[in-house]
Amino acid sequence: MAQSEINNKAYRLKELHAGIIGCGQIAGGYNLNCKKGESLTHACSYKQIEGVRITAICDPSAVVRDNFAKKWNVKKVYVSHEEMLMNEKLDIVSICSPAEYHLDAFKSISKNSSIKGILCEKPLSFDLKEAKKIAELAKGMIVALNYFRRWNPTLLSLKKNLEENLYGSVSYISVRYTKGLLTNGSHLVDLLYWYFGKPYHIDKYHTHNPQSNDPGVDFKLSFLNGLNAVFLHVPSVPYTYIEIDIHTDMGKISIKQRGQKITWSEIVEEPSYNTFNILKEQKIIETEWKDCPTRAIKELIGVIRNGGSLSSSIKNGIDVSEICEKIIKSK
């Protein structure tokens, strides 16, 4: 066996060391408990995957980082990612800091030759030029971007069923979302891009909070074959609301509760007025939403060790960023 093959085999067997940049909710806060198969965070997922271990974390807040380190039993704690990357030899890094700090994180990571893979929270940036700088820095790196619905097997099955017309021919899509185009809306733009391809036309109707770096926008995306998707931003409410209705000639599929449930409504005769039909909900499915970060990290490790492609990459992030930029800047 050649020496290079021996080295590659040894690398595939060695424990991988992970570091987390930013110790907020998606990093570990959402998991009050960490149960197998129910991970909502990076930290909980790393804890459940054999062959990888969190060895270092960083956060500018002393309280946040110390509580995180105690909760997840991490020994090495740093104030900044620069300090962490200088002192630790990491194989994987999770970027869980706010989007405005992603570019700085990638600048530091690009100088560290030990890092083999990155799982980055979305969006890459609130600014398209900055997102493209990140993509340039990340050339040659293995980067998964956490549009987490792409790691939900139920939503993947729905995509395949739609492609095979098992629910009929899609005629119209309506979307409602809160908390800004880039924070929440971009997830849904990515989902419909994944399902139906790149939209060829954008119509903007109204912008909510236009001075914000993440405004809410009402708009329409037009896809091939005359398919349109209308997005409506729900402003000024104290809750998160994300739902998609996909209308077909056989009924309606609704993706509810941020992708946690799917309902199917069939056409039935209106019982009191027999001159027209209505929709009646026939089936409710809970999707496999609880363990998406674990699937993402396992896939990332698999690509690091054996090659292959990622379900959501930096290219997806740039595609979505370009669409969102066009939406915001449209007249």
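Reader: Which helix gives the most to the lining of the largest cavity?

Author: That's helix α11, residues 314-329, with four residues. Keep in mind that this is a predicted model. Here's the general idea: rolling a probe the size of a water molecule over the atoms shows where empty space is left. In this case the largest cavity has a volume of about 50 Å³.

Reader: How many cavities of 30 Å³ or more does the count come to?

Author: The count is four.

Reader: And which residues line the largest cavity?

Author: Look for Ser125, Phe126, Asp127, Leu128 and Leu182, together with Ser321, Cys324, Glu325 and Ile328. By type, that lining splits into five nonpolar, two polar and two charged residues.

Reader: Okay, now pockets. How much space lies in the largest pocket?

Author: About 1000 Å³. Its lining is made of 44 residues, and those nearest the centre of the pocket are Ile26, Tyr30, Cys96, Glu121 and Lys122. Five elements give two or more residues to this lining: α2, α5 (81-87), α6 (102-109), α9 and α10 (292-306). The largest share comes from α9, with three residues.

Reader: How do the residues of that lining divide into nonpolar, polar and charged?

Author: You get 19 nonpolar, 16 polar and nine charged.

Reader: What is the volume of the second largest pocket, and which residues line that pocket?

Author: The volume is about 240 Å³. Leu162, Glu163, Ser169, Val170, Tyr195, Phe196, Phe223, Leu224, Asn225 and Leu227 form the lining. Helices α8 (153-163) and α9 each supply at least two of the lining residues. Here the split is seven nonpolar, two polar and one charged.

Reader: Let's go from empty space to packed space. Which residues touch the most other members of the largest nonpolar core?

Author: First the general idea: in soluble globular proteins, nonpolar side chains tend to be buried together. In this structure the largest nonpolar core has 61 residues, and the ones touching the most other members are Ile95, Phe106, Ile173, Phe219, Leu221 and Phe231. Helix α9 (residues 181-196) gives the most to this core, with nine residues. Apart from that core lies another one of 30 residues, including Ala18, Trp72, Ala296 and Ile304.

Reader: Can we zoom in on one of these? What does phenylalanine 106 touch?

Author: Leaving out residues up to four places away in sequence, phenylalanine 106 touches Ile95, Ile118, Cys120, Ile134, Leu137, Ala138, Val143 and Ile314.

Reader: How do I read a single helix? Which residues of α4 are buried?

Author: Check which residues are hidden and where they sit around the axis. In helix α4 (residues 62-72), the buried ones are Arg65, Phe68, Ala69 and Trp72. They cover an arc of only 100 degrees around the axis, so they fall on the same side of α4. The face turned away from that buried side carries the exposed residues Val63 and Lys70.

Reader: What covers the buried residues of α4?

Author: The cover includes β1 (16-21), α2 (25-29), α3 (42-48), β2 (52-58) and β3 (76-78).

Reader: And what happens just after α4?

Author: Look at the backbone angles there. Asparagine 73 comes just after α4 and takes a positive phi of about 55 degrees. Asparagine 73 sits in the loop between α4 and β3.

Reader: Is asparagine 73 buried, partly exposed or exposed, and why?

Author: Asparagine 73 counts as partly exposed because its relative accessibility is 49%, and the cut-off for exposed is over 50%.

Reader: Where is glutamine 257 found, and what is its phi?

Author: Glutamine 257 is in the loop between β12 (251-256) and β13 (261-269). Its phi is near 50 degrees, a positive value in a residue other than glycine. With a relative accessible area of 41%, glutamine 257 is partly exposed.

Reader: Which peptide bond is cis?

Author: The one from lysine 122 to proline 123 is cis, with omega near -15 degrees. You'll find proline 123 in the loop between β5 (117-120) and α7 (128-137).

Reader: One last stop: threonine 263. Buried or exposed?

Author: Threonine 263 is buried, since its relative accessible area is 3%. This residue belongs to strand β13. Not counting residues up to four places away in sequence, threonine 263 touches Lys252, Ile253, Ser254, Lys256, Glu281, Lys283 and Ile284.

Conventions. Residues numbered from 1 in each chain as written. Predicted model: local features only at pLDDT ≥ 70, side-chain atom pairs only at ≥ 80, totals over all residues. Heavy atoms only, no water. Buried < 20%, exposed > 50% of the residue type's maximum accessible area, 1.4 Å probe, protein only. Arc of directions from axis to C-beta. Contact = heavy atoms within 4.5 Å. 1 Å grid on protein atoms, 1.4 Å probe; cavity = no way out; pocket = protein on both sides within 12 Å on 5 of 7 lines; lining within 4 Å. Points joined across faces, edges and corners; volume = space filled by probe spheres on them. Nonpolar A, V, L, I, M, F, W, Y, C, P; charged D, E, K, R; others polar. Core = buried A, V, L, I, M, F, W, Y, C linked by side-chain atoms within 4.5 Å.
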